[in-house]
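Here is a short briefing to read alongside the model. Please keep the structure open as you go through the points.

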Amino acid sequence: MGQNIKLKGKLKSYIMLPLRLTILFAALTAWIWYLNWRAGLLCAVFVAVYFIMMWFFYQRSRRAILNEMIDFATHYGNVQRKLLDDFEVPYAILDQNARLMWMNRQFGEVAGKQKSRHPSITAIFPQITKDRLCKEDRLSIKITKDERIFRASVSKVFFSDVLDSTTGLESSDPDQYLTVIYLFDETLLNQYLKEKLDMQMVPALVYIDNYEEVLDSVEEVKQSLLIALVDRKVNKYFAARGGLVKKTENDKYFVVFPHKALDEMAESGFSLLEDVKSLKVGNEMSVTLSMGIGSVSDDYARNYGFSRMAIDLALGRGGDQAVVKTKEKTYYFGGNSRQVDKTTRVKARVKALALREIMISRDKFFVMGHHIADIDSFGAAIGIFCAARQLGKKAQIVLETVNTTLRPFKECFSPENGYPDDMFISCEEALEEVNSQTALIVVDTNRPSYTECPELLGRARTIVVFDHHRHGEDVIKNTDLSYIEPYASSACEMIAEVLQYFDEDIKLSSTEADAIYAGILVDTNNFVSKTGVRTFEAAAYLRRCGAETTRVRKMMRNDMNAYKARAEAIRHTEVYRGAYAISICPAENIESPTVACAQAANELLNIIGIKASFVLTEYNGRIYISARSIDEINVQQIMERLGGGGHLNSAGAQLTGCTLLEARQTIENTLDEILKGGIK
């Protein structure tokens with residue numbers, strides 16, 4: 001070590017100064033020699049003696065000076081070590097192997113007694129690993145020890161930098177380093193921050209979903225009693241958690257409560273949603289609530305805005321649920337009740353008039369549904385085409401893939417039957433023709449990634465959405481008109497209602513009525529699921545327009561290969577946990593395996609004891625899942641966990657990057673998680 005340490009910098013200059021003065025004396029001697037050689041000779045002897053004496057002094061005192069410096073540094077280091085040992089901040093030095101070389105008293109109290117003399121820092125704090133220390137020169141790590149929270153500030157100190165900074169010593173090995181670590185106790189800081197967060201007031205909106213329908217189902221003298229009981233439930237629920245409730249309308253409440261109550265309510269799954277359903281004063285229909293909560297920042301106005309977004313999301317998903325928007329993500333609770341079938345058509349009339357105004361102000365329209373179009377999206381697109389034709393506007397349907405089920409209906413809209421040659425266009429053609437005066441109408445989906453041509457959404461300035469699926473986090477934004485009703489059986493049902501208010505003189509041909517009627521027929525599984533009064537009224541309207549059930553049934557028949565594939569899927573079905581039918585539908589020699597997959601899922605519900613069915617098939621590099629249930633299981637929640645969505649008893653999802661067996665295992669794992677949490 002001593003051989004590698006040399007004098008340098010100012011210290012070396014100070015010691016070498018007497019020797020360097022010899023040069024000045026030599027120059028002076030030469031000048032004197034020039035004037036008088038005798039005096040110059042005397043000066044030369046003096047300079048020689050001076051140089052010899054200084055050189056001897058330098059050689060003899062250099063080691064002594066170095067020893068004095070080391071002795072001073074030792075005493076200084078002892079003082080510094082004493083100061084560091086009494087330093088209130090825990091401090092330690094690690095070697096290159098992340099082992100403790102030295103630590104002060106405070107660090108020792110935090111680390112505790114260690115069996116090893118030089119323990120590894122990882123043995124004390126598992127969060128600090130050797131790999132992390134080697135990769136970065138400086139880092140800050142949050143660690144916990146004995147219920148205390150520390151922020152560890154770690155940095156490397158290279159020998160070369162330390163020795164250079166003294167300007168007295170230098171190292172011949174610049175790659176050697178030590179690691180120093182400071183621990184800052186942030187336990188109280190985190191406690192105060194948590195207390196601040198707990199006391200932060202969170203705004204929420206609470207709506208009664210079926211206010212008018214519930215009142216209509218109870219005697220008039222008991223209506224005020226029922227509403228009073230609902231008010232009491234809401235006030236009692238939030239008052240017990242330090243909240244305040246203000247009733248803004250007959251069916252709306254504004255609530256403010258401390259943030260600490262949010263975790264408690266989330267853990268209980270917002271039990272208020274189930275509590276209000278137990279209220280019975282002669283009402284045939286249970287009361288359901290929707291809650292929207294925004295907890296994103298310290299800005300109350302911003303949180304209120306997010307609570308409005310959350311309540312819109314809850315209502316768009318069918319109600320009877322709580323939606324919480326936080327910084328990280330959006331959480332959903334509840335949503336297990338069947339959507340309320342509203343008898344009023346006021347909303348449909350308003351949306352129809354709004355659609356008419358948009359169509360009048362635009363010259364051209366593109367209509368598209370979801371990827372791999374089915375009868376429902378196709379029929380809804382045909383309805384929009386008829387509305388545009390009534391106003392003398394041009395509408396084109398963006399359609400890429402035509403499966404076997406859809407082909408018979410599409411062939412009916414040929415130029416031979418009086419329809420334009422360019423009624424159906426591809427995505428590429430639509431992207432080339434879109435302009436500022438083109439409106440885009442999306443039907444049967446509200447997710448941008450599920451649409452036939454997602455690029456169109458970014459180019460169209462006017463976007464209209466008609467859909468009957470529940471809202472998800474990924475929704476089409478910047479819409480000029482959005483009509484999403486989860487209670488509706490199908491998009492075709494919604495379009496059939498809109499057409500009745502769009503124009504009194506609108507006429508549908510029997511072919512067009514057949515296409516829209518077929519969409520309702522498929523999505524309701526021949527009117528046995530998701531049907532309400534308005535479903536049959538829409539079907540009756542289409543029947544009056546010329547829809548023929550026998551003709552539709554003939555066009556919807558499958559070929560022999562698809563029928564065999566469906567039978568094969570049913571034959572190889574396995575029942576998981578005694579109530580969940582899971583099967584794989586073969587895709588070989590089938591043009592539309594996704595259709596056979598959905599049909600097989602519907603068929604499996606006819607088996608006694610089956611609560612839900614899940615059928616998988618592989619098509620175009622993706623795994624498609626069709627999930628169905630009757631009334632006991634909410635398959636929509638299950639599919640949402642897989643990135644999909646749908647309805648309470650009819651949902652689906654698409655998976656990539658996995659095999660059919662892996663996808664099947666994913667479904668089983670998801671079922672286990674949901675059943676463990678008690679969600680039905």
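What follows covers a sheet, a helix pair and the cysteines.

This is a predicted model. Six of its strands make up an open sheet of mixed pairing, and a search of the whole structure for disulfides finds zero.

**The sheet and its helix**
- Going across the sheet, the strand order is β18-β19-β20-β21-β23-β22.
- β18 (574-576) and β22 (645-646) are the edge strands, each pairing on one side only.
- Three bridges join β18 to strand β19 (residues 580-584), and the two run in the antiparallel sense.
- Within this pairing, Glu 574 stands opposite Ile 582 of β19.
- Helix α23 (residues 593-604) lies across β19, β20 (612-619) and β21 (622-629), and its direction makes an angle of about 165° with β20.

**The α18 and α20 pair**
- Helix α18 (residues 491-502) and helix α20 (residues 533-544) have axes that come within 9 Å and cross at roughly 60°.
- That angle falls in neither the parallel, the antiparallel nor the perpendicular range, so α18 and α20 count as oblique to each other.
- Their crossing is left-handed.
- On the α18 side, the contact involves Glu 493, Ala 496, Glu 497, Leu 499 and Gln 500, which meet Arg 534, Thr 535, Ala 538, Tyr 541 and Leu 542 in α20.

**The cysteines**
- Cys 427 is in no disulfide: the nearest cysteine sulfur belongs to Cys 453 and is 3.7 Å away, whereas a disulfide needs the sulfur atoms within 2.5 Å.
- Cys 427 counts as buried because its relative accessibility is 9%, under the 20% limit.
- Cys 412 is partly exposed, with a relative accessible area of 22%.

Note on methods. Residues numbered from 1 in each chain as written. Predicted model: local features only at pLDDT ≥ 70, side-chain atom pairs only at ≥ 80, totals over all residues. Heavy atoms only, no water. Pairing = 2+ DSSP bridges. Helix = DSSP H or I, 4+ residues; strand = E, 2+ residues; numbered from the N terminus. Contact = heavy atoms within 4.5 Å. Axes fitted to C-alpha atoms, helices over the stretch in contact; angles between N-to-C directions. Buried < 20%, exposed > 50% of the residue type's maximum accessible area, 1.4 Å probe, protein only. Parallel < 35°, antiparallel > 145°, perpendicular 65-115°, else oblique. Left-handed = near helix turned anticlockwise from the far one by under 90°.
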